[in-house]
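The following note sets out points for a colleague beginning to read this structure. Please consult the sequence and the model while going through them.

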Amino acid sequence: MSDTGGERPFEELQKELEDVVTRLERGDVAVDDAIALFRRGEELYRACVERLEAAELRIEELTPPAPSA
């Protein structure tokens, strides 16, 4: 369960994170399972944030600077 999806699309990672959050919010999992799910959620969250930050940097590189006034 530790694969944060180096090659998985962002949307898959986000969907898995949403599923983890839903399961935790329901509160019907055993404590040990909840801890494992929480850890997995943290991994997925970090992977999503890294992907978004990388995308933002690529966009900034591709966007021409605004003309100065």
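1. Helix α1 is a suitable place to begin in this predicted model. The helix has 17 residues, and the distance from its first C-alpha to its last is 24 Å, close to the 24 Å expected at 1.5 Å a residue. Which residues of α1 are buried? They are Phe-10, Leu-13, Glu-16, Leu-17 and Val-20. Viewed down the axis of α1, these buried residues fall within an arc of 130 degrees, so they line one face of the helix.

2. The two sides of α1 may now be considered in turn. The buried residues of α1 pack against α2, which covers residues 31-62. The face turned away from that buried side carries the exposed residues Glu-11, Glu-25 and Arg-26. After α1 comes Gly-27, whose phi is positive, near 75 degrees.

3. Glu-16 deserves separate attention. This residue belongs to helix α1, which spans residues 10-26. Why does Glu-16 count as buried? Its relative accessibility is 19%, and buried means under 20%; Glu-16 therefore counts as buried. With neighbours within four places in sequence left aside, Glu-16 is in contact with Arg-8, Arg-40 and Leu-44.

4. The nonpolar core should be examined next. The largest such core has 8 residues in all: Phe-10, Leu-13, Leu-17, Val-20, Leu-37, Leu-44, Ala-47 and Cys-48. The elements that give two or more residues to this core are α1 and α2. In soluble globular proteins, nonpolar side chains tend to be buried together.

5. Ala-34 offers a further view of how the chain is arranged. This residue is found in helix α2. Ala-34 and Val-20 are 14 residues apart in sequence, and their C-alpha atoms are 9.3 Å apart in space. Apart from neighbours within four places in sequence, Ala-34 is in contact with Leu-24 and Val-29.

6. Some totals for the chain complete the picture. How many helices and strands does the protein chain contain? There are 2 helices and 0 strands. The chain has 69 residues, of which 17% count as buried. Among contacts with a separation of 6 or more, 71% are accounted for by residues 24 or more positions apart. The accessible surface of the protein chain comes to about 5,600 Å², and 56% of this surface belongs to carbon and sulfur atoms.

Key: Residues numbered from 1 in each chain as written. Predicted model: local features only at pLDDT ≥ 70, side-chain atom pairs only at ≥ 80, totals over all residues. Heavy atoms only, no water. Helix = DSSP H or I, 4+ residues; strand = E, 2+ residues; numbered from the N terminus. Buried < 20%, exposed > 50% of the residue type's maximum accessible area, 1.4 Å probe, protein only. Contact = heavy atoms within 4.5 Å. Expected span 1.5 Å × (residues − 1). Arc of directions from axis to C-beta. Areas by Shrake-Rupley, 256 points an atom, 1.4 Å probe, with all protein chains shown as cover. Core = buried A, V, L, I, M, F, W, Y, C linked by side-chain atoms within 4.5 Å.
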